[in-house]
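Colleague: I have just opened this one and would be glad of a guided look. Could you walk me through it?

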Amino acid sequence: MILHLRINARNAGKLLNPTELMEPRCKVCGNTPCIRDTDHLFLELPLLKDKLEAYVNNMSVSGGWSQNAIHTTHAWLRRT
């Protein structure tokens, strides 16, 4: 669901909490989003860095990633 956000100049660039949006609506269908609990998985990236770099190098070529996606992913990996 893609939310259409009304942002004024005072809040430009500020991360917004989705539950604090006034009258959020999906830009595609116009429906109100539903808030639900989710589960998240957190990984120890430094332990997976070598395998992850090999995967990214392979998939970025065979998967046809954009240059922006490749550079951004490598920047994230350098931070680990």
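Colleague: Leaving aside its neighbours within four places in sequence, which residues is Thr73 in contact with?
Modeller: Keep in mind that this is a predicted model. Thr73 sits in helix α2, which covers residues 67-78. Once the neighbours within four places in sequence are set aside, the residues in contact with Thr73 are Val56 and Trp65.

Colleague: Is Thr73 buried or exposed?
Modeller: The cut-off helps here: buried means under 20% relative accessible area. Thr73 has a relative accessible area of 14%, so this residue counts as buried.

Colleague: Which residue offers its backbone oxygen to the side chain of Thr73, and at what distance?
Modeller: Look along α2, the helix that holds Thr73. In an α-helix, residues three or four places apart point the same way, because there are 3.6 residues a turn. A polar atom of the Thr73 side chain and the backbone oxygen of Ala69 are separated by 2.7 Å.

Colleague: How far apart in space are Thr73 and Asn57?
Modeller: In sequence, 16 residues separate Thr73 and Asn57. From C-alpha to C-alpha, their distance in space is 9.9 Å.

Colleague: Asn57 makes me curious about Ser60; what does the side chain of Ser60 reach?
Modeller: Ser60 belongs to helix α1. With 8% relative accessibility, Ser60 counts as buried. At 3.2 Å, its side chain reaches the backbone oxygen of Asn57.

Colleague: Beyond its neighbours within four places in sequence, which residues is Ser60 in contact with?
Modeller: One of them has come up already, as Trp65 is also in contact with Thr73. For Ser60, the contacts are Trp65 and Ile70.

Colleague: Where does α1 bend, and by how much?
Modeller: Helix α1 runs over residues 45-62. The bend is found at Lys51, and its angle is about 45°.

Colleague: What is the phi of Gly64?
Modeller: Gly64 follows α1. Its phi is positive, near 65°.

Colleague: Which residue has a positive phi although it is not a glycine?
Modeller: Most residues other than glycine have a negative phi. The residue to look at lies in the segment before α1 and is exposed, with a relative accessible area of 59%. With a phi of about 50°, this residue is Glu23.

Colleague: How far apart in space are Pro33 and Pro18?
Modeller: Pro33 is also in the segment before α1, and it is partly exposed at 22% relative accessible area. Pro33 and Pro18 are 15 residues apart in sequence. Between their C-alpha atoms, the distance is 9.5 Å.

Colleague: Which residues make the nonpolar surface patch?
Modeller: Start from Leu43, found in the segment before α1. Exposed means over 50% relative accessible area, and Leu43 has 52%, so it counts as exposed. The patch covers about 540 Å² and is made by Leu41, Leu43, Leu45, Leu47 and Leu48.

Colleague: Stepping back, how many helices and strands are there in the protein?
Modeller: Two elements have come up on the way, α1 at residues 45-62 and α2 at residues 67-78. The count for the protein is 2 helices and 0 strands.

Colleague: And what share of the residues counts as buried?
Modeller: Ser60 and Thr73 are both buried. The accessible surface of the protein comes to about 7400 Å², with 56% of it belonging to carbon and sulfur atoms. Of the 80 residues, the share that counts as buried is 9%.

Conventions:
Residues numbered from 1 in each chain as written. Predicted model: local features only at pLDDT ≥ 70, side-chain atom pairs only at ≥ 80, totals over all residues. Heavy atoms only, no water. Helix = DSSP H or I, 4+ residues; strand = E, 2+ residues; numbered from the N terminus. Buried < 20%, exposed > 50% of the residue type's maximum accessible area, 1.4 Å probe, protein only. Patch = residues over 30% accessible without salt bridge, like charges linked within 9 Å, V, L, I, M, F, W, Y side chains within 5 Å. Areas by Shrake-Rupley, 256 points an atom, 1.4 Å probe, with all protein chains shown as cover. Salt bridge = Lys/Arg side-chain N within 4 Å of Asp/Glu carboxyl O. Polar contact = N/O pair within 3.5 Å; in protein donor to acceptor, adjacent residues only side chain to side chain. Contact = heavy atoms within 4.5 Å. Bend = angle between axes of the 7 residues up to and from the residue.
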